[in-house]
Every structure is written in C-alpha cells, then in structure tokens.
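Okay, thanks everyone, let's get going. I'd like to talk about empty space today, and then about one pair of helices.

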Amino acid sequence: MCRWLAYSGTPLLLDTVLYKPQHSLIDQSLHSRMGVETTNGDGFGVGWYTEDGRETPTPAIMCDVGPAWNNRNLHEIADHVRSGLFFAHIRASTGTAVQQSNCHPFRHGRWMWMHNGAIAGFHEVRRELCLLVDPVLFPDIGGTTDSEVMFYLALTYGLDDDPPAAVARMVGVVERVGREHGVEFPMQMTVAVTDGVRVWAFRYSSSGASRSLFYSSRVDSLRRLHPDKAFLRDVSEETRLVVSEPLGDLPGAWHEVPESTYGIVQPGADELLPFVPQPA
C-alpha cells in the first residue's frame, strides 16, 4: 500500500525529516519494513504550509508519478523549503492508475488529506460512493482513487466543522455501502488530515487489523532520555511526528497508535481518543 508522515512543530527544512533519518521516508520507498509492499514506487507527494499561513492559507503541493528515491526535484525543494507543518506520502497503488492526480496528499482549500489502505471492492462501490459526495464538491475530484473519494466524503459530512465526526461518518457510509455489496471488511485506513493548524490522524479497519501507525514521544521526555542528542535542543516541545513506520531506532522515541484510535496534534496538549464509525 503506502507509507506517509505528518510533521508539526518547529519550522525546519523538509530534508531534515524526508532524507536524513536512519529509516527516512525516502529509505522506506525502497525498503519498507512494515508495509504490505517493501517498495513504494508508484508516485509521491509533499504538501506544506508557509511559515506565515495568514499570507497563504492554502498548502503548496508537489507530486510526481515516479519513485521518490531518485527524484531530483524532490531533493531540490527539500533542501530549500522550510515549514512547520507538512505532509509527505509515498505511494504503492492498490489498483488505480499511476498518474499525478492520484498522488497524495490531496488538497481542498486549506485542507490536506493522505491515506494508507484501501476500500475493499472499490471498483464495485465507487459509483455509489461518488454519488454521495456533495454536488458542489464533486467537480473538484481530480483523480480515480478511493483515498480521494474518502476525502470528499469527509468534506461532505462536515470536515470544516468537526473533523473526527466527519471521518467517522465517512467510514460509516463506506462500511454500509460495502456490506450492501457483500464486502465483509470494507475499510482499511490510516489517514492524516490537517487544516494548517491542527493534524488529525486515524487508525482504523473494519477487520480490526489496521496498517501500522506511530507517533513520536514528547520532546521534553526525549531530552531527558537522550541529553546528548543535539537535534532535540533545536526543536520546540510542540514538535511531533506521526508516521507509518518509525524513522529510526532511538529508544523511547516512538509509540504505536492503538487500534481504532485517532490523535490530535495541536497547540497545547495533544490528544489520543477512541475512533468509532458513525452512520452518515
């Protein structure tokens, strides 16, 4: 399937997270240790907000259909773009076309969305799910993936007002439609979504066996554990990563997101809460 990361915290060069860690996302594009596929070479994408979001509230998106590990343009921007909130995604297609419009993250207004997983039987349920998207939003769907349809269903069900409730309604309708078509376990997902201020990350599957997802420890705790690590002195205590796979083996740095759970990375105290699909 795919691998992704979400970063929120002290503004830094994208290169610091995308390339430099021991098991960086670029390394995972060739050598994933926890994904369904070892290689994730069906495209990639990076989305970021400027340091002053008041000037440009919508995120920038850069994506390509080639593999991330040898893309010169990605390496070029990673060395020069600095952001305090960015998403990165490497794709392994589950059946939809390898094309630029199918690369994550997806954007609508100030929102960004990315997904690892699949809607089982998507070919059979795609038309019915698309017809549930708000007609005002439907023309903005640019690609053919289940991931983008999930995003637009969440927008339809109130992402602007209550992201966890909107995602719960989206999953509820996908499961209902899937089971009406004879699909026992319709949903498999880890999802990240952001409005440029907060990040919501979800881990859920209909079967109760979801793809891997981890979050980083609090920076103050890591400083106490590893006072010799210089990079920990350079980031604020608000800094947090959510990742499909840990970026390294630093003891105490990573925690698995529990099954059927979502987290909120936000100014102040972050939260980890149960996730339950709801009827839409």
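So, how many nonpolar, polar and charged residues does the lining of the second largest pocket have? The split is seven nonpolar, eight polar and four charged, where Ala, Val, Leu, Ile, Met, Phe, Trp, Tyr, Cys and Pro count as nonpolar, Asp, Glu, Lys and Arg as charged, and the others, Gly among them, as polar.

Quick caveats. This is a predicted model, where local features need pLDDT of at least 70 and side-chain atom pairs count only at pLDDT 80 or more, while totals for chains, interfaces and linings use all residues. Residues are numbered from 1 along each chain as its sequence is written, and side-chain values use heavy atoms, with hydrogens and water left out.

Back to that pocket. A pocket here is an open set of points on a 1 Å grid over the protein atoms alone, with protein on both sides within 12 Å along at least five of seven lines; a cavity is a set where a 1.4 Å probe fits but cannot get out, and lining residues have an atom within 4 Å of a point. The second largest pocket holds about 380 Å³, counted as the space filled by probe spheres set on the points, which are joined across faces, edges and corners. Of its 19 lining residues, Ser-8, Gly-84, Leu-85, Gly-196 and Val-197 sit closest to the centre.

The largest pocket comes to about 630 Å³. It has 26 lining residues, and closest to its centre are Pro-21, Phe-231, Leu-232, Leu-241 and Trp-254. β1 gives the largest share of that lining, three residues; strands are DSSP runs of E, at least two residues, and helices are runs of H or I, at least four, numbered from the N terminus.

Now the closed spaces: there are two cavities of 30 Å³ or more. The largest, about 70 Å³, has a lining of two nonpolar, seven polar and two charged residues. The second largest, about 40 Å³, is lined by nine nonpolar, two polar and no charged residues, including Phe-44 and Ile-90.

Last, the helices. α4 (residues 122-131) packs on α6 (residues 163-180) at about 135°, axes 10 Å apart. That makes the pair oblique, meaning not under 35 degrees, not over 145 and not 65 to 115. In α4, Val-125, Glu-128 and Leu-129 meet a set in α6 that includes Val-173 and Val-177, with contact meaning heavy atoms within 4.5 Å.

Key: Axes fitted to C-alpha atoms, helices over the stretch in contact; angles between N-to-C directions.
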